[in-house]
Amino acid sequence: MAISELPNIGSNLAEKLGGVGIHHPEQLAALGSVACVRMMGVADDEDVAEIMLALEGAIRGVPVAQLDWHTRTALQRALATTGGWVDEDVHLVEYDPLWLG
């Protein structure tokens with residue numbers, strides 16, 4: 001399957017991913033949404049959040065609208081703990097939704 005066939009991955013996002021060497025869904029899943037956004041060098045905070053949600057949905061095989069509250073909160077926490085910019089290697093699984101209290 002081509003990465004552009006995943007939910008939420010249009011031609012522009014597929015091109016950006018390809019520009020950093022991510023060409024296959026397995027690569028995207030192995031890296032995680034946070035690390036992929038970091039690798040792409042997205043500078044605008046709104047774009048970071050939007051792209052991160054799109055990538056996480058793609059990894060899970062669902063449209064962004066179907067991402068649950070815990071996932072969205074974990075991603076927001078990942079952004080918040082990096083000052084709104086993903087500047088460290090953080091993978092979503094490090095954020096336990098039960099810990100968010």
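These legends accompany close-up views of a predicted model.

**View 1. Confidence along the predicted chain.** The protein chain averages a pLDDT of 80. A score of at least 70 is reached by 76% of the residues. Among the elements, helix α1 (residues 11-19) has the highest mean pLDDT, 95. Helix α5 has the lowest, with a mean of 83. Over residues 84-101, pLDDT stays under 50. For that stretch the model has 44 contacts beyond four places in sequence.

**View 2. The largest nonpolar core.** This core has 25 residues. I9, L13, L17, L28 and L55 touch the most other members. Helices α1, α3, α4 and α5 each supply at least two residues of the core. The largest share comes from α4, which gives seven residues. In soluble globular proteins, nonpolar side chains tend to be buried together.

**View 3. Surroundings of L55.** L55 is one of the core residues that touch the most other members. Leaving aside residues up to four places away in sequence, L55 touches I9, L13, L17 and L28, among others. The contacts of L55 also include S33, C36, V37 and M40. These four are listed among the buried residues of α3.

**View 4. Helix α3 and the residue after it.** Helix α3 spans residues 33-40. Six of its eight residues are buried, so the helix is largely enclosed by the rest of the structure. The buried residues are S33, V34, A35, C36, V37 and M40. G41 follows α3. The phi of G41 is positive, near 70°.

**View 5. The salt bridge in helix α4.** The structure holds one salt bridge. It joins the side chains of E56 and R60, at 2.8 Å from N to O. Both residues belong to helix α4 (residues 45-60). Because E56 and R60 are four residues apart in this helix, about one helical turn separates them. An α-helix has 3.6 residues a turn, so residues three or four places apart point the same way. The two partners differ in burial: E56 counts as buried, at 5% relative accessibility, whereas R60 counts as partly exposed, at 43%.

**View 6. A58 and its contacts.** A58 lies in helix α4. A58 is buried, with a relative accessible area of 3%. Residues up to four places away in sequence aside, A58 touches L6, P7, N8, I9 and L28. A58 and L28 are 30 residues apart in sequence. In space, their C-alpha atoms are 8.6 Å apart.

**View 7. N8, before helix α1.** N8 sits in the segment before α1. Its phi is near 75°, a positive value in a residue other than glycine. Most residues other than glycine have a negative phi. N8 is partly exposed, with a relative accessible area of 28%. N8 is also one of the residues touched by A58.

**View 8. Helix α5 and its N-terminal cap.** Helix α5 (residues 69-80) has twelve residues. From its first C-alpha to its last, the helix reaches 16 Å, close to the 16 Å expected at 1.5 Å a residue. D68 caps the N-terminal end of α5. A side-chain oxygen of D68 lies 3.1 Å from the backbone nitrogen of H70. The buried residues of α5 are T71, T73, A74, L75, A78 and L79. At least two residues of the largest nonpolar core come from α5.

Methods. Residues are numbered from 1 along each chain as its sequence is written. Side-chain values use heavy atoms; hydrogens and water are left out. A salt bridge is a side-chain nitrogen of Lys or Arg within 4 Å of a carboxyl oxygen of Asp or Glu. Buried means under 20% relative accessible area, exposed over 50%, partly exposed in between (1.4 Å probe, protein chains only). Contact means heavy atoms within 4.5 Å. The expected span of a helix is 1.5 Å times one less than its number of residues. A polar contact is a pair of N or O atoms within 3.5 Å; within protein, one must be able to donate a hydrogen and the other to accept it, and residues adjacent in sequence count only if both atoms are side-chain atoms. pLDDT is the predictor's confidence in each residue, from 0 to 100. A nonpolar core is a set of buried Ala, Val, Leu, Ile, Met, Phe, Trp, Tyr and Cys residues joined through side-chain atoms within 4.5 Å.
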